[in-house]
Amino acid sequence: MEKETKINVDGLQFDWNIEKGIFQFEGQDAVLFWISTAMKSFFDTIEEISGIEAASLVFETSGFRQGLVVGEYFEKMKELIVEEAANSITSTYASAGWGQIEIKELNYETKTLTAYLKDTWEYKINVAQGKNHGSNFLSAHFAGIFSGLFGTSMWYEVIEQQIDGHDHTIINYFPSNVTITHNIHQLARKKESEQIHQLEELVEEKTKELKDLIKKLSSPIIPVLEGIVVVPLIGTYEIDRSEELITNTLNNLPSHKANYLILDLTGLDKDMSEHTASLIENICSASSLIGTKTILVGITPELSLVITKSTINFSKFDCFQSLQHGIHFALGQMGRKIL
């Protein structure tokens, strides 16, 4: 069996050394892959791990950068003008199995051209993947090639795609300030923005849950004995929290058939505001309108000093230092006692 094989196809050299496991195309090491199986698996894996959007940028970036390498290769062939290089590119790529590629309307002055692609390996992979929209490796690849040939940054616009049912994929190329680095940064910023948005939504959701929990915990109504309920006041009460406290208390007093409402002020902040003092008066007054008397307990010496400085007159309420004293007083008023 012959171990070395050489073949020249349309001026392009292919070499195999079976013993060493080497395949060369135009003197450079190359590899062969089945398109609709092995290469499809390669594309599928990148998209699965990176996500469709990030994978699209990976293909575009790698295609463009590989194109720059090819562009440098042809640019070194000084005897070739750009038009000749374009023709050489199409035959070279056809020999390598990249599909039918034709460059038209090439204008060196405006540095513009149109590429017609048909039955490329990328198209065949996309078909095998069952896609209805083509990927952009080859589109960016030729942008990279002509960026090297023209000596300026080139970009592209896909006009038609074969995978959409057209006879060819048609791509216009033109000078542009768009760069692969710019696209990478754009995607990174977009991903960062999406992550921030997701975090904001999560924070908002958790904040709502926390607020709902605080509402439930901050205005509980506790039935301690028949006809007597206790509502502990905790922390600082702003407008929303105050309204929640009043509404919850008044809505639940009738269901408990409460004769006495004991407001436990032990947990209030020592720097009780005028608003909190007004809240206490409003609860007491509203409760009395539905037949429930209010008793204030848990008034520490520090809190009593704060209360005396407020404009609210607390002397009209029965006040006690401890919750136990308040409960005994309420029982006594109802003609009952704890045995």
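This text goes through a four-stranded sheet, the helix across it and a pair of packed helices in a predicted model.

The sheet is open and is built from four strands, ordered 5-6-8-7, with antiparallel pairing. Strand 5 (100–107) and strand 7 (154–160) each have a single partner strand and stand at the edges, so one side of each has no neighbour in the sheet. From one strand to the next, the twist averages 20°.

Strand 6, residues 112–118, and strand 8, residues 169–175, run antiparallel and are joined by five bridges. Tyr116 has Ile170 in strand 8 as its bridge partner. Strands of a sheet pair through backbone hydrogen bonds.

Helix 5, residues 137–150, lies across strand 5, strand 6, strand 7 and strand 8. With respect to strand 7, helix 5 runs at about 140°.

The other packing to describe is between two helices. Two packed helices are described by the angle between their axes and the distance between the axes. Helix 1 (residues 35–50) packs with helix 4 (residues 121–129) at an angle of about 75°, and their axes are 9 Å apart. Angles of 65 to 115 degrees count as roughly perpendicular, and helix 1 and helix 4 are therefore roughly perpendicular to each other. On the side of helix 1, the contact is made by Ile35, Ser36, Met39, Lys40, Phe43, Asp44 and Glu47. Helix 4 contributes Trp121, Lys124, Ile125, Ala128 and Gln129. By class, the residues of this contact between helix 1 and helix 4 divide into six nonpolar, two polar and four charged.

Note on methods. Residues numbered from 1 in each chain as written. Predicted model: local features only at pLDDT ≥ 70, side-chain atom pairs only at ≥ 80, totals over all residues. Heavy atoms only, no water. Pairing = 2+ DSSP bridges. Helix = DSSP H or I, 4+ residues; strand = E, 2+ residues; numbered from the N terminus. Axes fitted to C-alpha atoms, helices over the stretch in contact; angles between N-to-C directions. Contact = heavy atoms within 4.5 Å. Parallel < 35°, antiparallel > 145°, perpendicular 65-115°, else oblique. Nonpolar A, V, L, I, M, F, W, Y, C, P; charged D, E, K, R; others polar.
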